[in-house]
Each structure stands twice: as C-alpha cells, then as structure tokens.
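Open the model in a viewer and keep the sequence panel visible. The stops below are meant to be selected one after another.

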Amino acid sequence: MSTGAIIGIVVVVILIVVIGWGISAYNGLVTLKNRVKNGWAQIDVQLKQRADLIPNLVETVKGYASHESQVFTQVTQARAGVVAAASDPNATVAQRTVAENQLSRALVNLQATAEAYPALQANQNFMDLQGQLKELENKIAYARQFYNDVVLKLNTAIETVPTNIIAGLFHFEQAQYFQVDEAARQAPQVKF
C-alpha cells in the first residue's frame with residue numbers, strides 16, 4: 001500500500017471521528033436544552049396549581065380577618081402578576097422569577113396574618129388549604145432544584161472546551177437560573 005493511500009485512510013478516519021464527535025456534542029447540547037425546557041415546564045405546572053389555590057386560601061382568611069385588606073390586596077396583586085407573567089409568551093425566566101418571589105412574600109404575609117386568628121387556625125378548610133399550599137411549595141422547591149441542576153449542566157457544556165465550539169457554531173445560549181430574590185434570602189425578624 002502506498003503512503004498516499006495510508007495518509008488518505010488516516011485523514012478519512014480522523015474526519016469520521018471529528019464528525020462523529022460533533023454530532024455527539026450537538027445532540028448532547030440539544031438534550032440538555034430540552035431538559036431545561038422540561039424542567040421549566042414542571043415548575044410552571046406547580047406554580048399554576050399554587051396560583052389556583054391562592055383565591056380559596058384568601059377567601060377563607062377573609063372570613064376571619066376581613067379588616068386585613070392590605071394583605072389581601074397584596075396577595076391578589078402578586079397573584080395577578082404571576083398569572084400575567086405566566087401567560088406572556090415573551091416573559092423571561094427572570095421576569096417570572098420576580099413575579100413568583102413577590103407572590104411568595106405576599107403568601108408569607110398572609111400566613112402571618114392567619115396566625116393571629118386562633119379560630120382560623122382551627123378551621124378544617126383553612127388547615128386543608130395550608131397543607132396543600134405547603135405540599136405545593138415543596139414540589140416547587142424540588143422542581144426549581146431540578147431545573148437549576150439542568151441549567152448548570154447546559155451552561156457548563158456551553159462554556160467548556162470542546163463543546164463550546166459546537167455551541168458557538170449553532171448559537172446555543174446559556175439558560176437563566178431560577179433564583180430567589182435578595183429579600184427572600186433575609187432571615188425573618190421576629191419582634192415581641
């Protein structure tokens with residue numbers, strides 16, 4: 001066999017390996033991108049369930065604490081913001097995160113208000129709604145963790161060599177984390 005044929009075979013093998021690697025890297029990035037979308041869809045389902053539960057919770061608390069209108073207004077406005085952000089197809093993860101964090105803060109205020117009314121705490125309907133809300137909050141926390149884990153994998157793949165070459169060629173963009181806002185990171189202050 002001539003040296004030209006050997007060189008030709010080596011070049012073909014190298015090309016096949018490089019093309020195979022490129023296809024594998026591209027498919028890996030697409031898989032991660034789809035996992036990010038799936039993770040966001042899972043969060044979205046849980047957030048929708050929470051938004052649907054809130055009016056029932058507010059109505060139950062209103063029956064016992066009707067003079068706490070500021071808290072009810074805050075929760076209602078925050079819920080409206082979440083629904084608006086969820087229905088906006090152009091809303092970014094950051095915009096949705098801000099709306100969800102506002103709703104979470106409003107719910108904390110609502111729960112604090114409810115704690116001031118012992119008769120409300122004894123109401124079975126309220127207790128059931130509280131239990132459902134707690135369960136949904138746990139599911140949301142898990143869904144956020146899953147989403148952020150997948151975002152980490154995608155962003156790492158986009159930034160690291162050699163997959164960053166494929167990511168750049170096919171315009172893969174980093175995903176945004178679902179982060180808690182600074183106010184939620186602060187420990188609540190209890191004053192007596």
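The tour starts at the N terminus, moves through the salt bridges, and ends in the loops.

**Before selecting anything**

This is a predicted model, in which local features need pLDDT of at least 70 and side-chain atom pairs count only at pLDDT 80 or more, while totals for chains, interfaces and linings use all residues. Residues are numbered from 1 along each chain as its sequence is written, and side-chain values use heavy atoms, with hydrogens and water left out.

**Stop 1: the start of H1**

Select residues 6-29. An unreviewed UniProt entry annotates residues 6-29 as "transmembrane region"; UniProt positions are given in the numbering used here, feature names are shortened, and such annotations may be inferred rather than shown by experiment. In the model, residues 6-29 are 100% helix and 0% strand, and the C-alpha atoms at the two ends are 35 Å apart. Helices here are DSSP runs of H or I with at least four residues, strands are runs of E with at least two, and both are numbered from the N terminus.

Now show the side chains of Met1, Ile6, Ile9, Val10, Val13, Ile14, Val17 and Val18, which make a nonpolar surface patch of about 770 Å². Such a patch takes residues with over 30% relative accessible area and no salt bridge, joining nonpolar side chains (Val, Leu, Ile, Met, Phe, Trp, Tyr) within 5 Å and like charges within 9 Å. The areas come from the Shrake-Rupley method with a 1.4 Å probe, and for residues only the protein chains shown count as cover.

Ile9 lies in helix H1, residues 3-64. Ile9 is partly exposed, at 45% relative accessible area; buried means under 20%, exposed over 50%, and partly exposed in between (1.4 Å probe, protein chains only).

**Stop 2: salt bridges of H1**

How many salt bridges does the structure hold? There are seven, each being a side-chain nitrogen of Lys or Arg within 4 Å of a carboxyl oxygen of Asp or Glu.

Select Glu100 and Arg50: they form a salt bridge whose closest N and O atoms are 2.4 Å apart. Glu100 lies in helix H3 (residues 93-115) and Arg50 in H1, so the pair ties together parts that are 50 residues apart in sequence. Both Glu100 and Arg50 are buried.

Next take Asp52 and Arg79, which meet in a salt bridge at 3.9 Å, N to O. Asp52 belongs to H1 and Arg79 to helix H2 (residues 69-87), so this pair ties together parts that are 27 residues apart in sequence. Asp52 is partly exposed at 39% relative accessibility, and Arg79 is partly exposed at 24%. Add Lys48 to the selection: Lys48, Asp52 and Arg79 are linked in a network of salt bridges.

Further along H1, Lys62 and Glu59 meet in a salt bridge at 3.6 Å, N to O. They are three residues apart in the helix, about one helical turn. Lys62 is partly exposed, with a relative accessible area of 34%.

**Stop 3: Thr97 in H3**

Go to Thr97 in helix H3. Thr97 is buried, at 7% relative accessible area. A polar atom of the Thr97 side chain lies 2.7 Å from the backbone oxygen of Val93. A polar contact is a pair of N or O atoms within 3.5 Å; within protein, one must be able to donate a hydrogen and the other to accept it, and residues adjacent in sequence count only if both atoms are side-chain atoms.

**Stop 4: the length of H5**

Asn123 caps the N-terminal end of H5, with a side-chain oxygen 2.8 Å from the backbone nitrogen of Asn125. The 36 residues of H5 should span 52 Å at 1.5 Å a residue, and the end C-alpha atoms are 52 Å apart, which agrees. The expected span is 1.5 Å times one less than the number of residues.

Within H5, select Thr156. Thr156 is partly exposed, at 36% relative accessible area.

**Stop 5: the loops around H6**

Select Pro162, in the loop between H5 (124-159) and H6 (163-169). Is the Val161 to Pro162 peptide bond cis or trans? The bond is cis, with omega near 10°.

Ile165 is in H6 and is partly exposed at 49% relative accessibility.

Finish at His171, in the loop between H6 and helix H7 (182-185). Phi of His171 is near 55°, a positive value in a residue other than glycine. Most residues other than glycine have a negative phi, and most peptide bonds are trans. His171 is exposed, at 67% relative accessibility.
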